[in-house]
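Trainee: Please take me through one part of this model in detail, beginning with the second largest pocket and then following the charged residues and the backbone wherever they lead. I would prefer one connected account to a list.

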Amino acid sequence: MKINIRIAKKEDCARLLELVHELALFERAPEEVTVTLPEFEDAGFGDKPVWKAFVAEVDGLIVAFAIYYVRYSTWKGCRMYLEDLIVTEEMRGKGVGKLLFDRLITEAKEMGFNGMTWQVLDWNEPAIKFYKKYEANIEAGWLNGALSKDQLLGTEL
């Protein structure tokens, strides 16, 4: 099996969103995906792109992707933030995730980032084991805060 890793193109976005929905189902939160295809395309390929992605293809079909953006830490400086690393269920355990993660590490080095961060659900043991193979630090003690679009629009200042 030949796995091709390449930079994502705008034409890939519909397939990438299919994989996002697959991930949301796996993470038990399918209703949380609210981004539309036009929003997703614009965020990656519009006038002010905010994300970049690498895809993994087998026989011309995208079976995985990793999407990141630049995060600034007042403590650490510019860092890569890995938003998602998604591998279709049938391709897990075949080295696809490793190829994508290795490509991200190369990208982080090439871009001169001061590190790379991401989140992993505490119950996702396969993912935690995967990251620990890289000797990654899995932090405890941080709680995530968020406001939805509806909350932002409804907030009176």
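Mentor: A pocket, in the sense used here, is an open set of grid points with protein on both sides within 12 Å along at least five of seven lines, and a residue counts as lining when one of its atoms comes within 4 Å of such a point. The model is a predicted one, and everything that follows should be read with that in mind.

The second largest pocket has a volume of about 180 Å³. Its lining is made up of Phe-101, Ile-105, Ala-108, Lys-109, Phe-113, Gly-115, Met-116, Trp-118, Tyr-134, Glu-135 and Ala-136. Sorted by class, this lining comprises eight nonpolar residues, one polar residue and two charged residues. Helix α3, which spans 96-111, and strand β5, at 116-118, each contribute at least two residues to the lining, and α3 provides the largest share, with four residues.

One member of the lining deserves a second look for its backbone. Glu-135, which lines the second largest pocket, sits in the loop between α4 (125-132) and α5 (149-154). Its phi is near 60°, a positive value in a residue other than glycine. Most residues other than glycine have a negative phi. Although Glu-135 belongs to the pocket lining, it counts as exposed, because its relative accessible area is 71%. Arg-28 offers a parallel case in the loop between α1 and α2 (37-45), with a phi near 65°, again positive in a residue other than glycine. Arg-28 is likewise classed as exposed, since its relative accessibility is 60%.

Helix α3, having supplied four residues to the pocket, also carries a salt bridge between the side chains of Lys-98 and Asp-102, with 2.7 Å from N to O. These two residues both belong to α3 and stand four residues apart, about one turn of the helix. Lys-98 is partly exposed, because its relative accessibility is 44%, and Asp-102 is also partly exposed, at a relative accessible area of 26%. Elsewhere, salt bridges with shared partners link Arg-6, Asp-12 and Glu-57 into one network.

Within that network, the side chains of Asp-12 and Arg-6 meet in a salt bridge of 2.8 Å, N to O, and both residues are buried. Asp-12 lies in the loop between β1 (3-7) and α1 (13-26), and it is counted as buried because its relative accessibility is 7%, where the cut-off is under 20%. Setting aside residues up to four places away in sequence, Asp-12 touches Arg-6, Ile-7, Val-55 and Ile-62.

The structure holds seven salt bridges, and one of them joins the side chains of Glu-22 and Arg-92, at 4.0 Å from N to O. Glu-22 belongs to helix α1 while Arg-92 is in the loop between β4 and α3, so this pair ties together parts that are 70 residues apart in sequence. Both partners are partly exposed, Glu-22 with a relative accessible area of 27% and Arg-92 with one of 35%.

Arg-92 also serves as a reference point for Asp-84, an acidic residue in strand β4 (residues 77-87). Which side chain of opposite charge is nearest to Asp-84? That side chain is Arg-92, 11 Å away, and Asp-84 is buried yet has no salt bridge. The 11 Å separation lies beyond the 4 Å limit, which means that the pair does not count as a salt bridge. Leaving out residues up to four places away in sequence, Asp-84 touches Leu-23, Phe-65, Ala-66 and Ile-67.

Finally, Ala-56 leads back to helix α3. Ala-56 is placed in strand β2 (residues 52-58), and with a relative accessible area of 0% it is buried. The C-alpha atoms of Ala-56 and Gly-97 are separated by 8.7 Å, although the two residues are 41 residues apart along the chain. Apart from its neighbours within four places in sequence, Ala-56 is in contact with Ile-3, Asn-4, Ile-5, Leu-61, Ile-62, Val-63, Ala-64, Val-96 and Leu-100. Ile-62 thus appears both here and among the contacts of Asp-12.

Methods
Residues numbered from 1 in each chain as written. Predicted model: local features only at pLDDT ≥ 70, side-chain atom pairs only at ≥ 80, totals over all residues. Heavy atoms only, no water. 1 Å grid on protein atoms, 1.4 Å probe; cavity = no way out; pocket = protein on both sides within 12 Å on 5 of 7 lines; lining within 4 Å. Points joined across faces, edges and corners; volume = space filled by probe spheres on them. Nonpolar A, V, L, I, M, F, W, Y, C, P; charged D, E, K, R; others polar. Buried < 20%, exposed > 50% of the residue type's maximum accessible area, 1.4 Å probe, protein only. Lys, Arg positive; Asp, Glu negative; His and termini not counted. Contact = heavy atoms within 4.5 Å.
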